Amino acid sequence: MSAGDLELRLFGDIVVIRNGERLALPQSKKTRALLAYLALKGAPERRERLCEIFWQVPDDPRGSLRWSLSKLRGIVNDESAARIKADRERAAFDTSGVHVDYLDFQSTVDRLDDLDTADLIKLADRYSGELMAGLDLPNQPEFETFLLVHREKARAMRAALLRAIVARLGEDHSARADRLYELIEIEPYDIDLHGALITALAQVGRNKEASRQVRLSKEALNGVDGIDLGLLDAALMAKPSATRVSSGQAAIINRTDGGASEAPLGRQDIRFCKTADGVQIAYATVGSGPPLVKTANWLNHLEFDWESPVWRHFFRAFSADRTLIRYDERGNGLSDWRVKDFSFDSLVTDLEAVVEATGIDQFPLLGISQGCAVAVEYAARYPEKVSKLVLFGGYARGWRVGRGEKVIADTEAMITLIKSGWGKDDPAFRQLFASLFMPDAPPENHQWFNELQRMTTSPENAAQLLEALGLVNVYDRLSLIKAPTLVAHARGDLRVPFDFGRELAACIPDARFVALETNNHLMPEGDPAWPRFYEAVRSFLDE
């Protein structure tokens with residue numbers, strides 16, 4: 001580094017180094033978190049927005065922000081550069097000449113094939129530890145969302161790096177085993193990694209360790225659907241003389257997408273638009289080809305969803321040969337949280353704004369769960385825009401409209417529970433939603449879905465949104481649909497009864513109906529009904 005250059009390390013405890021000397025940082029966790037946020041933001045941020053993210057308190061948030069910025073100036077500014085740049089409206093951290101390890105790692109992961117094995121190993125040793133360790137701010141949900149997203153990205157990048165190393169190590173089974181241990185910590189539900197580790201241990205005669213690993217792997221994977229634990233016993237039978245990895249294992253290890261799919265997801269382009277009532281809506285596009293618009297459903301987050309096992313197979317499949325357009329509706333995800341109107345009409349307004357912002361004239365429209373009613377209303381209002389309509393797991397009438405006293409009482413109790421426990425660390429009550437949406441999904445999906453709910457919105461917004469969904473009623477709009485329509489519904493759906501899907505299909509002129517043999521409202525990738533659903537939708541769209 002030349003004089004005046006800085007190094008900002010975000011893996012592990014946040015560290016600032018100038019000319020080889022570690023600089024003292026403020027004790028204030030929020031000030032250190034602000035430094036990390038501005039470094040990764042890479043653009044000026046409004047002071048008002050920074051106060052919302054870091055100081056949701058009735059005291060003097062602007063004063064707290066000024067204090068933190070002054071402390072950071074004393075650390076990162078020097079005679080060669082004023083890196084903290086702030087005016088009356090905005091603040092930024094100019095990272096020119098600053099080596100930020102997370103950003104360096106991000107650029108390196110895209111060219112792993114160009115590096116030799118020794119360099120890959122150095123990178124793995126350098127980029128270890130939890131990203132921004134100790135910077136959790138439990139009472140600041142927007143920063144927690146930011147932190148979780150970047151930690152997940154760091155986890156995926158490290159997994160890609162470790163897979164590249166394992167693939168390079170070839171016959172050095174002992175070294176491969178050590179790296180596979182690290183990979184399994186990141187991806188605990190990948191049976192192929194467990195099997196590869198057991199085989200590697202057996203190859204070098206670490207038999208006691210291999211036998212112990214079989215037991216530990218079975219305990220870790222027990223109860224995960226679609227997994228044959230007998231594969232672990234077979235992996236233990238590898239002879240020490242064997243030196244080659246099977247083609248199946250090589251294909252698994254050489255994957256660099258985190259182990260959950262056959263091909264990595266493309267890069268999504270996130271932008272923002274405003275609705276007629278002034279709410280800022282985040283939307284994303286990914287893929288190429290003709291457009292496919294997906295309406296928002298119960299709690300989305302464009303970035304958090306992107307890496308989750310709940311949704312990534314879905315996004316990969318429907319962006320393979322199309323431009324998939326999706327968005328976070330008001331009150332959750334990257335869209336504005338502070339909104340007053342959660343009415344059904346306002347949810348349709350969100351979709352209208354996204355369609356206008358993208359500039360597309362005609363497109364197929366996909367609705368899932370609550371998004372089906374929004375899709376129906378939009379298709380009824382704009383028949384010239386919707387070329388085809390796909391509805392999965394949806395309903396025409398909300399939980400207050402003709403559902404019976406028990407359903408109303410149960411949902412009202414759920415709303416009370418949301419208000420009291422949504423943001424707490426104990427996920428027990430959020431597990432209720434996971435068990436309703438995907439009862440037969442792997443534990444990993446439940447964990448992701450629980451975190452998705454907690455990090456995607458506030459308890460107040462979740463309660464208001466669920467209350468608003470009770471009043472949905474597009475039953476009289478079904479007969480107005482002009483677009484060819486495909487309706488699919490899970491026969492054992494615990495969230496939205498099967499009959500609700502049949503009602504949609506019966507009332508939309510000439511609609512096709514596909515019954516799916518599953519209990520999952522949201523199908524995991526391993527659900528046997530998932531490929532049937534995908535093929536039905538793809539065939540319908542390609543007609």
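**Notebook: two sheets and a helix pair**

I began with strand β4 (residues 45–46), which is joined to strand β6 (residues 90–93) by 2 bridges, the two strands running antiparallel. I note that the model is a predicted one. For Glu45, I found the bridge partner in β6 to be Ala91.

I then turned to the other pairing of β6. Strand β5 (residues 84–86) pairs with β6 over 3 bridges, in the antiparallel sense. Ala91 of β6 is the bridge partner of Ala86, and Ala91 is also the β6 partner recorded above for Glu45. Lys85 stands opposite Ala92 in β6. I traced the connection from β5 to β6 and found a hairpin through 3 residues.

Next I asked in what order the strands of this sheet lie. The order is β4-β6-β5, in an open sheet of 3 strands with antiparallel pairing. The edge strands are β4 and β5, and each of them pairs on one side only. I also looked for a helix against this sheet: helix α3 (residues 61–76) packs on it and touches β5 and β6. The direction of α3 makes about 145° with that of β5.

**Second sheet**

I looked up the other open sheet, in which 4 strands follow the order β3-β2-β1-β7 with mixed pairing. Which strands stand at the edges? They are β3 (21–22) and β7 (98–100); each has a single partner strand, so one side of each is left without a neighbour in the sheet. I checked the contact of β7 with strand β1 (residues 6–9): the two run parallel and are joined by 3 bridges. Within this pair, Leu8 has Val100 of β7 as its bridge partner.

**Helices α6 and α7**

My last entry concerns helix α6 (residues 141–169) and helix α7 (residues 173–186), which pack at an angle of about 160° with their axes 9 Å apart. That angle makes α6 roughly antiparallel to α7, because angles over 145 degrees count as such. The crossing in which α6 passes α7 is left-handed.

I listed the residues that make the contact. From α6 they are Arg155, Arg158, Ala159, Leu162, Arg163, Ile165, Val166 and Leu169. From α7 they are Ala175, Arg176, Arg179, Leu180, Glu182, Leu183 and Ile186. How do the residues of this contact divide into nonpolar, polar and charged? I recorded 9 nonpolar and 6 charged residues, with no polar ones.

Conventions:
Residues numbered from 1 in each chain as written. Predicted model: local features only at pLDDT ≥ 70, side-chain atom pairs only at ≥ 80, totals over all residues. Heavy atoms only, no water. Pairing = 2+ DSSP bridges. Axes fitted to C-alpha atoms, helices over the stretch in contact; angles between N-to-C directions. Parallel < 35°, antiparallel > 145°, perpendicular 65-115°, else oblique. Left-handed = near helix turned anticlockwise from the far one by under 90°. Contact = heavy atoms within 4.5 Å. Nonpolar A, V, L, I, M, F, W, Y, C, P; charged D, E, K, R; others polar.
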